[in-house]
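Here are some notes for a colleague who is coming to this structure without prior acquaintance. Please read them with the sequence and the model side by side.

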Amino acid sequence: MHYLDANATEPLRPEARAAMAAALDVTGNPSSVHGAGRAARRVMEDARESLAVRFGGRPADLVFTSGGTEADALAIHALGAGRRIVIGATEHDAVRAAAPGAAILPVDRTGVADLDALAALLADGPPALVCLMLANNETGTMQPVAEAAALCRRHGARLHVDAVQAAGRMAVDFSALGADSLAISSHKLGGPAGAGALLLAPEVASIAPLIAGGGQERGRRGGTPPVAAIAGFAAAALASGDATALKPLRDLVEQAAVACGAVVCGAGAARLPNTTCVALPGVRADAQVIALDLEGVAVSAGAACSSGKVAASHVLAAMGLGPLAGQAIRVSLPWNADADDIAAFAAAYARMAARLCLSRCAKEVVQRSDAGEGRNAGESRALRPSRASLTRLDLSHFVGEVS
Ligand code: PLP
């Protein structure tokens with residue numbers, strides 16, 4: 001299996017596995033006052049310290065949660081109380097569902113939020129909570145969060161930043177951003193699922209909980225914390241740098257798709273180096289995902305599939321991509337992706353596009369390679385580039401423009 005769906009969940013990093021294995025042997029509950037409890041608390045507080053330092057916050061102002069969804073919900077619950085809420089048009093459902101009735105901040109065709117529209121929204125009405133993600137989960141498009149934070153300060157608004165996809169893939173410095181809160185999630189950076197965190201600015205750090213429970217996390221989030229998952233979260237965060245090294249591979253994915261007639265959604269914007277969203281005009285996203293899965297390549301649809309129906313992606317729809325919003329797949333490279341994964345994707349994508357008879361360009365590629373190479377167990381050599389040729393960024397066997 002060639003796993004190219006990191007934005008759904010990253011493969012576990014070995015550092016996280018090792019930290020979890022060690023923490024699983026620590027028996028106590030971090031709330032207990034005895035030695036066993038204190039040992040568990042030490043593991044947790046070490047992790048809190050590492051995570052806060054890693055992402056530019058203060059340990060005391062970091063609240064552990066079950067993941068990104070809960071961190072977003074907690075921020076909106078606590079910082080949005082009594083305020084009107086404004087969210088970016090391409091925010092994740094974790095934010096959208098926690099802020100029903102929010103005013104929507106439009107984005108341009110590359111998915112970047114319109115800061116003039118934000119200024120107008122903030123000037124008009126009572127103090128707001130603004131939610132703006134650092135990088136989008138479907139397209140990788142980065143938002144001008146520091147500029148938005150300055151605008152928010154000028155208008156007495158608060159800013160919550162969903163950094164779930166950004167953390168571990170680009171520089172994230174909470175205090176430099178100037179936001180009020182920032183959500184991160186363990187399984188998106190190579191830790192286990194089941195842990196996340198909300199970083200808070202010192203001025204708003206004493207928030208009301210969404211789950212009160214036993215008063216853990218200084219009364220900000222009740223519930224016994226998953227110590228081993230938290231240890232794995234911190235180890236993964238420390239092991240993750242940014243994903244810059246993946247950009248050449250991501251660019252090859254785009255070249256291969258564009259050669260078959262695809263359009264890169266969000267091209268031209270600053271984007272996460274591991275993420276691309278490519279739309280194949282006329283081909284439903286779910287058909288593409290299934291065809292690639294049958295070839296052993298795991299990607300996801302930008303569109304949400306339920307009950308056999310494909311709902312167009314709200315992200316791509318907000319970018320004004322019309323029917324393409326239901327025809328795009330997301331390819332997101334994990335930290336351990338290599339050239340073989342990209343070669344497999346390129347071959348499978350070209351065959352998929354040709355088989356669905358919707359890309360003349362891809363059909364020409366197949367015909368040319370078949371004529372030149374002959375069929376070899378249904379797979380031509382021209383469509384399965386060698387690791388060496390990919391490493392040299394040599395995609396001469398593909399045709400088409402690269403955006
Ligand atoms: N925010 C963004 C941008 C995401 O991509 C996701 C998950 O895909 C979430 C929030 C939710 O995170 P979690 O899966 O940790 O609840």
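**Notes on the ligand site and on helix α8**

1. A polar backbone atom of G68 stands 2.8 Å from an oxygen atom of the ligand, and it should be kept in mind throughout that this is a predicted model. Taken alone, the ligand would expose 390 Å², of which the protein buries 87%.

2. Side chains also make polar contacts with the ligand: D162 places a polar side-chain atom 2.6 Å from a nitrogen atom of the ligand, while in H187 an N or O atom of the side chain is 2.9 Å from an oxygen atom of the ligand.

3. The shell around the ligand holds 14 residues, and those that come nearest are T69, D162, Q165, S185 and K188. Sorted by class, this shell has eight polar, three nonpolar and three charged residues. Helix α3, which covers residues 68-79, gives the most to the shell, contributing three residues.

4. Away from these ligand contacts, a reader may wish to look at helix α8, which spans residues 216-219 and includes E217, and in which R218 lies as well. Phi of E217 is near 55°, a positive value in a residue other than glycine, and for R218, likewise not a glycine, phi is positive and near 55°.

5. Are E217 and R218 buried or exposed? E217 counts as buried because its relative accessibility is 9%, under the 20% cut-off, whereas R218 counts as exposed because its relative accessibility is 66%, over the 50% cut-off.

Technical notes
Residues numbered from 1 in each chain as written. Predicted model: local features only at pLDDT ≥ 70, side-chain atom pairs only at ≥ 80, totals over all residues. Heavy atoms only, no water. Helix = DSSP H or I, 4+ residues; strand = E, 2+ residues; numbered from the N terminus. Buried < 20%, exposed > 50% of the residue type's maximum accessible area, 1.4 Å probe, protein only. Near = heavy atom within 4 Å. Polar contact = N/O pair within 3.5 Å; in protein donor to acceptor, adjacent residues only side chain to side chain. Areas by Shrake-Rupley, 256 points an atom, 1.4 Å probe, with all protein chains shown as cover. Nonpolar A, V, L, I, M, F, W, Y, C, P; charged D, E, K, R; others polar.
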